[in-house]
Amino acid sequence: MGATAVQCCGRRQIPFTTKYSYRKGDARPYLISLEGIKNVPKGSLGYSSRHGDMPSPYVVMWIEPTMTRGQKRGNNSEAQSIDESKDILIETKEGSKQLRIPMDSIQVWPVRHDCTEAVWRSTKPVITWSGKCNPKSDKLHIAVFDYSHPQGEDIIGYTTIRIRQLATEVLTEVTIPLAYTPVPFFPANCIISLKLGKPAPMRKTIFLVRHAKSLWNYARETDLGVSAVFSEDHGLHGEGFKEAEALRTQIKLYASGDAKTTNEKRQEYTQEFLECDSILCSPLSRAVQTAVVIFQDHPHVLRSRENPSENVVPESFAKRGLKQPANTPIKLMSSIRERRNFGSRDCVSKYRGHAILRHSQKHLNKYYGPNATEPYVLSGAQRRSLKLSCGDLIDVNDCTDKWWDDDVETKSQFDSRMQQFMEYLQYCPHRKIIVVGHSMWIQNFLVDHVSDELRSRIPEIASEKIENCGVLACDTVFNAQSSDPEATVEDIELLFSTSFKSNSLRRVCTSDIRLKRPQTGTTRKAHENTSEFRYEGR
């Protein structure tokens, strides 16, 4: 039996838990890709009690399998018992009825707080409680709940559709009738957008990127962190921007073909890094600023800017007169944030949604642009080179509510969100993915997923950290038959002059870099910048 609890960063847990089991001979689960929902009203309890909170929707789905003639669910040996179901009263045109939710085969999309329009843009597996699939007749049950009511299972609406009604390429808009009878002229339904997801590759290359040197990292080197012990969500230090610019230069050189490594394996991983079509990032400012700088010239970012689409204006942004492009190439994910330990105020924030971008951009403007207040950290060309802002590059839909932890995060809470992240990786359609995160987060990722063979070959891999602005390629294989997201890292490779902190693992790649063209003029200067900032022993 597998289970993924939905945690809410210091809030109470919702009453529904992703929970399903695989049995021998099971068909592959349906992959449901949920885009978002609009026109969301309060739930039935919140509507009747007139509580003033905005709705906080979350979505629960499950599959009702096709029943053979004469077969009843209660008589099926594979059906769940009444103890594994939850009954909720709903109102329909035909009158009141009990909605029975099979708790051992549901899938949950997490809460989006205080909004009437929510976006998920994520794919999750949904299986039938019988384990047998028939796309022509199986029914997909969709229930929308409101988390803002203290009861937590305050239902907003419910409907069913046939799986065959969903397409794999085009989003289908489904009307969700309300589960209660509102007053006249009240919105009678909400609309959800979804489609069938494509089968995801089970072998993927995950590129783990640690953020550049932050103000906290610098403070620990100079005064053991005393000067920054009370700071929250701090940005990059000046040396961190130099590191980010050095990595950005290397990425640009490799993308243009001006640089190449003599190590064939490393060159192959470097090429895959340039071919990545998904970039995920922690919402903490130091990670956001690192991503904005180093990916200015990444091919994925350039492709997204060459094919602009219509602007999407989420409700929370529209109130402030702000817009965010729908084709933003970098996606913030709250599950990538650093784990908070005792005293680590650097993992606490107060910025949500677009405020994250404004806060990060304000710090970037100290070092970039004509009005930079720290003009002597970077060269003149570097200060003028930041063409794309945080708002141009970053999608914040996963971080529009409170995503940080006010208290110390327990191991079980950290494992829960790490499991959610691994589920996202497993079922997303991308094969090459970049993740911009933090040292402890990356270390936990390796501890949990590195293979026994790799651990025996490099025993220190689970205890050492990669340097700031380092890049680590992980050849990762997912287990398609496991009910829980299960992945194994079978191989790793350090890229772009990255090294571990431990001397026993020192694998600096600079000596392997060679330029294909003569080192003259601007090219020589750019190449020198790629290896100028190598912070040993940090």
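**Close-up views of a predicted model**

**View A. Asp114 occupies the loop that runs between strand S7 (107-109) and strand S8 (118-126).** Helices (H or I, at least four residues) and strands (E, at least two) are DSSP runs, numbered from the N terminus. The model is predicted, so local features need pLDDT of at least 70 and side-chain atom pairs count only at pLDDT 80 or more, while totals for chains, interfaces and linings use all residues. Residues are numbered from 1 along each chain as its sequence is written, and side-chain values use heavy atoms, with hydrogens and water left out. Although Asp114 is not a glycine, its phi is positive, at about 55°. With a relative accessible area of 44%, Asp114 is partly exposed; buried means under 20% relative accessible area, exposed over 50%, and partly exposed in between (1.4 Å probe, protein chains only).

**View B. Cys469 is a residue with positive phi in the loop between helix H13 (452-457) and strand S21 (471-478).** Its phi is about 65°, although Cys469 is not a glycine. The relative accessible area of Cys469 is 7%, so this residue counts as buried.

**View C. Ser451 is placed in the loop between helix H12 (439-449) and H13.** Ser451 is buried, its relative accessible area being 12%. Apart from its neighbours within four places in sequence, Ser451 is in contact (heavy atoms within 4.5 Å) with Thr488, Val489 and Glu490.

**View D. Helix H12 is largely enclosed by the rest of the structure, because 8 of its 11 residues are buried.** The buried residues of H12 are Ser439, Trp441, Ile442, Gln443, Asn444, Phe445, Leu446 and His449. Their cover includes strand S13 (203-210), helix H11 (411-427), strand S20 (432-437), S21 and strand S22 (487-495).

**View E. Helix H5 (residues 285-294) packs against helix H8 (residues 354-364) at an angle of about 65°.** A packed pair of helices is described by the angle between the axes and the distance between them. For H5 and H8 the axes are 10 Å apart. Axes are lines fitted to C-alpha atoms, for helices over the stretch in contact, and angles run from 0 to 180 degrees between N-to-C directions. The two helices are therefore roughly perpendicular to each other; angles under 35 degrees count as roughly parallel, over 145 as roughly antiparallel, 65 to 115 as roughly perpendicular and the rest as oblique. H5 passes H8 in a right-handed crossing. A crossing is right-handed if the near helix is turned clockwise from the far one by less than a right angle, and left-handed if anticlockwise. From H5, Ser285, Val288, Gln289, Val292 and Val293 make the contact; from H8, Ile356, His359, Ser360, His363 and Leu364 do so. By class, the residues of this contact divide into 5 nonpolar, 5 polar and no charged. Ala, Val, Leu, Ile, Met, Phe, Trp, Tyr, Cys and Pro count as nonpolar, Asp, Glu, Lys and Arg as charged, and the others, Gly among them, as polar.

**View F. H3 and H5 pack with their axes 8 Å apart.** The angle of this pair is about 35°, and H3 passes H5 in a right-handed crossing. On the side of H3, the contact is made by Phe241, Ala244, Glu245, Leu247, Arg248 and Ile251, and on the side of H5 by Gln289, Val293 and Ile294. The contact of H3 with H5 has 6 nonpolar, 1 polar and 2 charged residues.

**View G. Helix H3 (residues 238-256) also packs with helix H4 (residues 264-274), at an angle of about 100°.** The axes of H3 and H4 are 10 Å apart. This angle makes H3 roughly perpendicular to H4. Ile251, Tyr254 and Ala255 of H3 meet Gln267, Thr270, Phe273 and Leu274 of H4 in the contact. The contact of H3 with H4 has 5 nonpolar, 2 polar and no charged residues.

**View H. Arg305 belongs to helix H6 (residues 299-306).** Arg305 counts as partly exposed, at 32% relative accessibility. Its C-alpha atom is separated by 8.9 Å from that of Asp392, and the two residues are 87 residues apart along the chain.

**View I. The whole protein chain gives the setting for the close-ups, with 14 helices and 23 strands.** Of its 538 residues, 57% count as buried. Among contacts with a separation of 6 or more, 75% join residues 24 or more positions apart.
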